[in-house]
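Reader: I'd like to go through this model with you before I set anything up. Could you take me through it topic by topic?

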Amino acid sequence: MLQTDFDGKVKGASPGEADNSPERDTGAERRLRRKLDLRLVPVIAFIAMMNSIDRGAVTFARLKGLKSDLHLTDVQYDTVLAVVYASYCSALVPSNIFYPARPSTLNLLLRPSTYIGCCVILWGSISALTGLTKDYNTIITCRVLLGLFEAAYFPGCAYLLSSWYPRKVVTHAFHATVSTRSYGLQELGLRAALLTAGGLAAFAFGSLWAAAVLGTMEGKLHIAAWRWKGIVTVTVGILSMWLLPDYPHNTRWLSVEERCLAQLRLAKDVGEADVDSEEASMLNGLRVAIKDAKVYLFMLLAFSVGLSSSFTNFFPTLTATLGYSTTVTLLLAAPPWILPTTVGVINAWHSDRTGERFFHLAIYWWISIIGFVISLSTMATAARYFSQYLMVLIFSGYMLLVAWVANAIPRPPGKRSVAIALTMGSGNVGTLVGSYMWKESWSPQYHPSFLICLCCLLGATALAFTIRTMQIWENKRMEHLEVDELEKDERERIEKAAELEGMSFDDAFRRRKRLPHIY
């Protein structure tokens with residue numbers, strides 16, 4: 001009979017007990033994946049939407065008196081926007097270092113369901129308190145705290161998804177006698193895109209919500225309309241502590257057999273078990289991540305895209321340049337965000353089906369470049385509004401970036417967690433810098449702003465192509481890898497994968513060589 005230790009890891013499970021036959025995997029994996037899709041993905045996507053609404057509340061509030069109520073100058077308002085990214089970025093890596101499985105006491109305290117749920121409650125409380133601020137100093141304090149507590153969410157959820165969703169492969173394709181390389185279908189891209197889609201949906205529904213709140217709540221209980229936003233998040237955070245799963249080895253609402261199968265799926269993904277070395281310290285993931293050139297390229301890539309997409313913080317203001325009233329402006333700001341959300345999810349699904357990342361990102365960036373060119377070329381209302389639809393398609397490609405990072409740096413999990421945090425942090429640094437490049441003196445044309453966005457997105461495309469080229473080279477190198485070239489922790493992960501799957505180390509190693517990185 002299968003038994004589990006304190007953290008839910010399977011003890012004494014032989015391959016026979018785990019029932020790893022191809023026939024068993026097919027049906028069991030479908031049921032496991034369906035259970036995850038119905039519980040994990042909707043919860044994190046909905047919380048992502050609430051996160052973006054809370055963070056972007058001040059951009060809507062500006063249209064209804066925030067600057068005058070708090071007596072803010074233009075520079076102070078820009079700082080209010082930017083400071084949340086400063087605190088957010090500084091906390092990303094420290095927060096994600098805790099996610100990979102650790103000793104029992106930390107694992108109990110820092111289960112994702114508990115850790116993320118508490119952070120959601122805290123940032124929801126801060127968001128609600130922001131509505132009570134009376135001056136510049138108090139709103140700055142709230143925004144700093146908001147960024148700190150939000151830091152646990154997006155990179156943490158991205159890492160959590162990568163800990164559950166591998167590439168889908170045919171079991172017999174890994175038999176040692178098969179000499180062809182097995183790519184398989186991807187599962188992660190679509191789920192990561194749905195996480196980002198939740199944030200994008202906030203730009204659409206957040207605009208509609210803002211139109212309703214700002215139009216109906218002005219003066220209620222003698223409180224300005226913009227002060228009412230953000231209260232619902234606390235309730236969502238409380239519920240998430242029961243709804244979110246933890247890891248494949250310790251999720252309570254999975255059976256022992258399902259937990260074993262979830263770990264087996266990850267071992268099949270890249271031919272290595274998804275575990276850190278037993279001797280690895282908590283900072284080991286950071287140390288190995290900063291030695292990998294791909295991490296720096298992904299960081300620079302994310303920074304460039306973040307800077308290019310900084311218009312999101314000023315989207316209602318850009319829409320206001322069309323010349324309509326506040327309510328009409330907010331309603332016009334909503335529809336463009338439906339397009340990248342829908343297209344991005346379809347694009348991610350196709351990327352998973354084809355096992356390709358680069359072109360599924362770059363194509364939509366090229367379309368966004370056309371949007372920037374149109375905005376630089378004309379002030380005609382119809383053309384300017386159409387350009388906004390093209391500009392926001394930058395996110396249809398950007399949705400896949402985190403999945404690409406996880407695919408390119410799959411093991412060890414500590415390194416993957418830090419790489420995801422560093423990439424997302426760099427993207428937010430880009431957005432932080434971009435908060436200062438939409439000067440009111442440049443309105444309504446904003447020519448310098450659009451030109452910077454255009455150039456940065458061209459640079460991002462070049463960086464993505466460089467990463468793709470590096471991965472092609474790494475895949476060729478992997479084909480000729482010998483056993484004595486393996487590092488100690490890499491060998492340990494292959495040994496654990498072989499144990500999980502009931503095969504010899506030599507068979508597991510040969511299979512590992514046939515599993516290329518996705519680019």
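**Salt bridges and their surroundings**

Author: Let me begin with an arginine, bearing in mind that this is a predicted model: R265 has a relative accessibility of 2%, so R265 counts as buried.

Reader: Which residue forms a salt bridge with R265?

Author: The partner is E187, and the closest N and O atoms of the pair are 2.8 Å apart. E187 sits in the loop between strand 4 (185-186) and helix 10, while R265 belongs to helix 12 (residues 256-270), so the salt bridge ties together parts that lie 78 residues apart in sequence. E187 has a relative accessibility of 3%, so E187 counts as buried.

Reader: Which residues are linked with E187 and R265 in a network?

Author: E29 and R33 are, and the four residues together are linked in a network of salt bridges.

Reader: How many salt bridges does a search of the whole structure find?

Author: The search finds 10 salt bridges. One of the pairs is R191 with D37, whose side chains meet at 2.8 Å, N to O. That pair links distant parts of the chain, with R191 in helix 10 (residues 188-216) and D37 in helix 2 (residues 22-55), 154 residues apart.

Reader: And D37, is it buried or partly exposed?

Author: D37 counts as partly exposed, because its relative accessibility is 25%, whereas R191 is buried, with a relative accessible area of 10%.

Reader: What does E474 pair with?

Author: E474 forms a salt bridge with K294, the closest N and O atoms being 3.0 Å apart. E474 lies in helix 23 and K294 in helix 14 (residues 293-308), so far as sequence goes 180 residues apart, and the pair links distant parts of the chain. Both E474 and K294 are buried.

Reader: Let's change topic to backbone geometry. Which peptide bond is cis?

Author: The bond from S443 to P444 is cis, with omega near 0°. P444 is found in the loop that runs between helix 22 (413-434) and helix 23 (447-479). That loop also holds Y446, whose phi is near 55°, a positive value in a residue other than glycine.

Reader: Why would I flag those two things?

Author: Most residues other than glycine have a negative phi, and most peptide bonds are trans. As for its surroundings, Y446 is buried, with a relative accessible area of 5%.

Reader: What span should helix 22 have, and what do its end C-alpha atoms give?

Author: At 1.5 Å a residue, the 22 residues of helix 22 should span 32 Å, and the end C-alpha atoms are 32 Å apart, which agrees. Helix 22 is also mostly covered, with 20 of its 22 residues buried.

Reader: Now the core. How many residues does the largest nonpolar core have?

Author: It has 112 residues, and those with the most contacts inside it are Y153, F298, L301, F311, W365, W404 and W438. Helix 5 (residues 74-97) gives the most to this core, with 13 residues. A second, separate core of eight residues includes L486, I494, F505 and F509.

Reader: What does F311 touch, leaving out residues up to four places away?

Author: F311 touches L318, W337, F372, M391, V392, I394, F395 and W438. M391 is also one of the buried residues of helix 19 (residues 381-391), together with R384, Y385, S387, Q388 and L390. The buried residues of helix 19 pack against helix 15 (315-320), helix 16 (326-333), helix 18, helix 20 (394-398) and helix 23.

Reader: You mention helix 18. Which residues make a nonpolar surface patch?

Author: F359, I363 and W366 make one of about 270 Å². W366 is found in helix 18 (residues 358-377), and W366 counts as partly exposed because its relative accessibility is 38%.

Reader: Last one, for G237: what is it in contact with, aside from neighbours within four places?

Author: G237 is in contact with G117, V120 and I121. G237 is found in helix 11 (residues 232-243) and is buried, with a relative accessible area of 0%. G237 and T114 are 123 residues apart in sequence and 9.8 Å apart in space, C-alpha to C-alpha.

Methods: Residues are numbered from 1 along each chain as its sequence is written. This is a predicted model: local features need pLDDT of at least 70, side-chain atom pairs count only at pLDDT 80 or more; totals for chains, interfaces and linings use all residues. Side-chain values use heavy atoms; hydrogens and water are left out. Helices (H or I, at least four residues) and strands (E, at least two) are DSSP runs, numbered from the N terminus. Buried means under 20% relative accessible area, exposed over 50%, partly exposed in between (1.4 Å probe, protein chains only). The expected span of a helix is 1.5 Å times one less than its number of residues. Patches are made of residues with over 30% relative accessible area and no salt bridge: like charges are joined within 9 Å, nonpolar side chains (Val, Leu, Ile, Met, Phe, Trp, Tyr) within 5 Å. Accessible areas come from the Shrake-Rupley method with a 1.4 Å probe; for residues, only the protein chains shown count as cover. A nonpolar core is a set of buried Ala, Val, Leu, Ile, Met, Phe, Trp, Tyr and Cys residues joined through side-chain atoms within 4.5 Å. Contact means heavy atoms within 4.5 Å.
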